Amino acid sequence: MHQGPDKRELVFSKPDEFDGMFLSLSETTDREYVMVFLNSGSSQVVYVAPHTSTDFRLFAHGTDDVVFNLDHYRENFYILTNLNGANNFQLFKTSVNQWDQKHWHLIQAESDIISLNDIHFYNHYLIIEQKNNEKALDELVVQDMVSGNRQRVSMPDEAYQLHFSGDWDHNATTVRLDYSSPIMPSTVLELDLNSVQTTAVYTREAPNFDPGKYEVKREYAIARDGERIPVTIIYKKGLVKDGSHRALVYGYGSYGYGMTAGFSSKLFSLVDRGFVYATAHIRGGDDKGYQWYLNGKMRHKMNTFNDFIDATEYLIEQGYTDKGQIAINGGSAGGLLMGAVTNLRPDLFGCVIADVPFVDVINTISDASLPLTPPEWEEWGNPVTSAGDFDYIMQYSPYDNVQAKDYPPMLFNSGISDEQVTYWEPAKMVARLRDLKTDDNLLLLNMNMHAGHAGASKRYEWIDEEAFNYAFILKCFAIK
C-alpha cells in the first residue's frame, strides 16, 4: 500500500561536510547490515547500520582515492581496500563491535601478481573475485572458512570473460557465474562450492556457429621497455603462420577500462574470410591491474601507443600477418589511439577505422567551457596550468601531429549529437589529412546525422554500422 510523505521516515541524511557527494546503498550478502556509500572524485565515506536499525555509524572515510568494500560473516566485517597505497588491494577483518581501523586485522596482504576485486560470503565459503595481473584474466577463488582450504576455479579457455552473479540465498552452496570466451557464447555456469567444479546450465544460442572451427590463443608481446603485453588472438584452425594473412587488431587503453575476451559473433564474418582477429591489452586499461592503468595515463600515455605498435609488430614477427595487411580499430579514446599510432607508424597498417575518435586532444582538453573537460584533466593532464602537460600531450595529439606523408586508407565515424567527443574533432582531422597527406588512399568521414557517442539509437542499426565498417575493410584489401 502506498504511503504518503507524512508516513515516511528519514533514516539517513548526508552530513553537511559531505554535501555534493554521490550517495548509494548496498547491503552485506547475508542482508544483516545496510551500507551507505558517499563518493566524490577522490573520496569515499562508508556508514553502516544493522538491517533492523536506522542507527548509521561512520565506518570508514577514505581520501586520495582510497575505497572500501565490505561483507559480513559470523560477527566480523571483512574489508577489501586499497588503504596505505595498496593499488592491488588487501583484505582485513574486524569485529562488528570494533570498527576503528586500529582494530583491523590484515588477513591477505597486497600482491604484485593478484588484484583483489570483490568478496562474497555464501554458507561457510568466502568467494574472492580477483584478477591475475600476469595473465590479464579474471579469476575466482573459493575458501572454506571452516577448513581454511583455498582453491581457484578452473576455466575451460585460454582467454575468457567472467562475471560473478551469486545467489539470492546467502546459505546456498551453489552460485551462478556468467561466462563467455571468443569461441563460447554467453553461458551461465553453476559453481558447486563444495567441489569447486562448474557445470554449464545455459548457453545462449549462436545460429550456425561451430566453435570447433576456431583457435583462441593468449600470447604476450614484449614491449620496447620489457613489459609483457597480453594479446588475445582468434583465427580459423589450420592457419599457417606464413605472414600471408590479413588481420584486424582492436585496442582501447584508457580510463582503466580493460578489454575482456568475451564472445562476439560479428567478428567471425572476417575470421571466416581468413582474417586473424587480435585484441591488444595495452597499458592505460586495467587488464594487468591498477598499475597497468597508471602506467598508461598522464605523462605515461605514450606507453599506450607504443604498446599497440609493439603488439602489432609481434603479430608480424610470429607470422600471423604482415605490414600493410593489418586493419586496426578503436573508438572514443580508442579513436585517439588509432590517430596516434597511424601518425607514428603509417607503414604498418593497411586500413584504419576510428569510431567517434578523440583526436583534437590539445584543443579540447584546453577548453574549460566544455562540461566534460575539467574531469578529464585527471586522465590526461591540464595543459592550461602546466606547460609540461601541454608539451607532453602535444607529442601525441593526433590532429596536431598530421604530417605531409603517406597514410593508409582511413575511415572516421562520428555522430552529430555526440556530447562526449564533439563532431568537429573528426571533421577537423579529416580536413587536415586531406590537406597534408601525400597519397591517394581512400579517406572517409562518415557523419551519422541521428546518432550520439554510442551510435544510432534504433535497436538493430548497430548491425548496419558494423557492416559499413567491414565493407570498408574489405574494400581496403580488395576483397570481394
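This tour moves from the whole chain to one helix, then to single residues worth selecting in the viewer.

**The whole chain**

Begin with the full protein chain in cartoon view, bearing in mind that this is a predicted model. The trace contains nine helices and 26 strands. Its radius of gyration is 25 Å, close to the 23 Å that the globule rule gives for 480 residues, so the chain is as compact as a globular protein of that length. If you align the view with the principal axes, the C-alpha trace spans about 75 × 55 × 50 Å.

Switch next to a surface representation, where the accessible surface comes to about 22700 Å² and carbon and sulfur atoms contribute 47% of that area. Of the 480 residues, 52% are buried. Among contacts with a sequence separation of 6 or more, 56% are made by residues 24 or more positions apart. Colouring by charge brings up 41 positive and 65 negative charges, whose mean positions lie 6 Å apart.

**Helix H6 and its surroundings**

Now select residues 373–380, which form helix H6, and display the side chains of Thr373, Glu376, Glu379 and Trp380, each of which is buried. These four residues cover an arc of only 90° around the axis, which puts them on the same side of H6. Turn to the other side of the helix and you will find Pro375 and Glu378, both of them exposed.

What covers the buried residues of H6? Add helix H2 (290–294), helix H4 (333–344), helix H5 (361–365) and helix H7 (387–396) to the selection, since the cover includes these four helices. Before leaving this region, step just past the end of H6 to glycine 381, where phi is positive at about 105°.

**Threonine 364 in helix H5**

From the helices that cover H6, pick H5 and centre the view on threonine 364, which lies within that helix. With a relative accessible area of 12%, threonine 364 is buried, the cut-off for that term being under 20%. Residues up to four places away in sequence being set aside, threonine 364 touches Phe358, Leu370, Thr373 and Glu425; of these, Thr373 is one of the buried residues of H6 already on display.

**Glycine 335 in helix H4**

Move on to helix H4 and select glycine 335, which has its place there. Is this glycine buried or exposed? Its relative accessibility is 0%, and glycine 335 therefore counts as buried. Once neighbours within four places in sequence are left aside, the residues in contact with glycine 335 are Gly330, Ala354, Asp355, Pro357, Phe358 and Val359. Phe358 also appears among the contacts of threonine 364, and keeping its side chain visible lets you follow both sets of contacts in one view.

To relate this site to another part of the chain, draw a C-alpha to C-alpha distance from glycine 335 to glycine 148: the two glycines are 187 residues apart in sequence and 48 Å apart in space.

**Two loops with a positive phi**

The last stops are in loops between strands. Select glutamate 75 in the loop between strand S5 (68–73) and strand S6 (76–81), and check its backbone, since phi is near 70°, a positive value in a residue other than glycine.

Finish at asparagine 208, in the loop between strand S16 (197–203) and strand S17 (214–222). Asparagine 208 is not a glycine either, yet it has a positive phi of about 65°. Its relative accessible area is 85%, so asparagine 208 is exposed.

Technical notes
Residues are numbered from 1 along each chain as its sequence is written. This is a predicted model: local features need pLDDT of at least 70, side-chain atom pairs count only at pLDDT 80 or more; totals for chains, interfaces and linings use all residues. Side-chain values use heavy atoms; hydrogens and water are left out. The radius of gyration is taken over C-alpha atoms; the globule rule is 2.2 Å times the number of residues to the power 0.38. Buried means under 20% relative accessible area, exposed over 50%, partly exposed in between (1.4 Å probe, protein chains only). Contact means heavy atoms within 4.5 Å. Accessible areas come from the Shrake-Rupley method with a 1.4 Å probe; for residues, only the protein chains shown count as cover. Lys and Arg count as positive and Asp and Glu as negative; His and the chain ends are not counted. The place of a charge is taken as NZ of Lys, CZ of Arg, CG of Asp or CD of Glu. The arc is that of the directions from the helix axis to the C-beta atoms.
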